[in-house]
Amino acid sequence: MKLSARNQFKGKITEIQEGAVNGIVKIDIGGGNIVSSTISMNSIKELDLAVGKEAYAVIKATSVMVGIDD
């Protein structure tokens, strides 16, 4: 798989929360880091995603917000 996005993290699916239209997929990318993504249930089924399978978290953003504690 080749993509233009430079932020690609391979990991293992730890949880899938299924909804009526969308689902939340959580991927453990190592080092205690979990990436969470909301995608369509159709995509979850087409990609045959399941807990324990390997997957990539691919992040391509046009903006990133930065915040601090008050």
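This report walks through the sheet, the nonpolar core and the salt bridges of a predicted model.

**The sheet**

Let's start with the strands. Four of them form an open sheet, arranged in the order S3-S2-S1-S4 with antiparallel pairing. At the edges sit strand S3, residues 33–40, and strand S4, residues 54–59, each of which pairs on one side only. From one strand to the next, the twist averages 45 degrees. As general background, strands of a sheet pair through backbone hydrogen bonds, in either a parallel or an antiparallel way.

Strand S2, which covers residues 22–30, is joined to S3 by eight bridges, and the two run antiparallel. Two positions help you find the register here: Val-25 stands opposite Ser-37 in S3, and Lys-26 has Ser-36 in S3 as its bridge partner. The hairpin of S2 and S3 has two residues between the strands, and Gly-31 in this hairpin takes a positive phi near 65 degrees.

S2 also pairs with S1, again in the antiparallel sense, over six bridges. A hairpin of three residues connects S1 to S2. For the register of this pair, look at Gln-17, which stands opposite Ile-24 in S2.

Just before strand S1 (7–18) comes a segment that contains Arg-6. Is Arg-6 buried or exposed? Arg-6 counts as exposed because its relative accessibility is 71%, over the 50% cut-off. Although Arg-6 and Lys-60 are 54 residues apart along the chain, their C-alpha atoms are separated by 7.5 Å.

**The nonpolar core**

Which residues make up the largest nonpolar core? There are nine in all: Ile-13, Val-25, Ile-27, Val-35, Met-41, Ile-44, Leu-49, Ala-55 and Ala-57. Two or more of these residues come from each of S2, helix H1 (41–46) and S4. In soluble globular proteins, nonpolar side chains tend to be buried together.

Met-41 is a handy residue to select in your viewer. Beyond its neighbours within four places in sequence, Met-41 is in contact with Glu-18, Gly-19, Ala-20, Val-21, Asn-22 and Gly-23. Val-25 is worth a second look too, as a member of this core that also faces Ser-37 across the S2 and S3 pairing.

**The salt bridges**

How many salt bridges does the structure hold? There are three, and the table gives the N to O distance of each with the relative accessibility of its residues.

| Salt bridge | N to O distance | Lys accessibility | Acid accessibility |
|---|---|---|---|
| Lys-10 with Glu-54 | 3.4 Å | Lys-10, 46% | Glu-54, 55% |
| Lys-26 with Glu-15 | 3.9 Å | Lys-26, 25% | Glu-15, 32% |
| Lys-53 with Asp-48 | 2.8 Å | Lys-53, 36% | Asp-48, 48% |

The bridge of Glu-54 and Lys-10 links distant parts of the chain, with Glu-54 in strand S4 and Lys-10 in strand S1, 44 residues apart. Glu-54 is exposed because its relative accessible area of 55% is over 50%, whereas Lys-10 at 46% is partly exposed.

Lys-26 and Glu-15 meet in another of the bridges. This pair, too, links distant parts of the chain: Lys-26 belongs to strand S2 and Glu-15 to strand S1, 11 residues apart. Lys-26 is partly exposed, as is Glu-15. Lys-26 is the residue paired with Ser-36 in S3 as well.

In the remaining pair, Lys-53 and Asp-48 have their closest N and O atoms 2.8 Å apart. Lys-53 counts as partly exposed, and so does Asp-48.

Technical notes: Residues numbered from 1 in each chain as written. Predicted model: local features only at pLDDT ≥ 70, side-chain atom pairs only at ≥ 80, totals over all residues. Heavy atoms only, no water. Pairing = 2+ DSSP bridges. Helix = DSSP H or I, 4+ residues; strand = E, 2+ residues; numbered from the N terminus. Axes fitted to C-alpha atoms, helices over the stretch in contact; angles between N-to-C directions. Buried < 20%, exposed > 50% of the residue type's maximum accessible area, 1.4 Å probe, protein only. Core = buried A, V, L, I, M, F, W, Y, C linked by side-chain atoms within 4.5 Å. Contact = heavy atoms within 4.5 Å. Salt bridge = Lys/Arg side-chain N within 4 Å of Asp/Glu carboxyl O.
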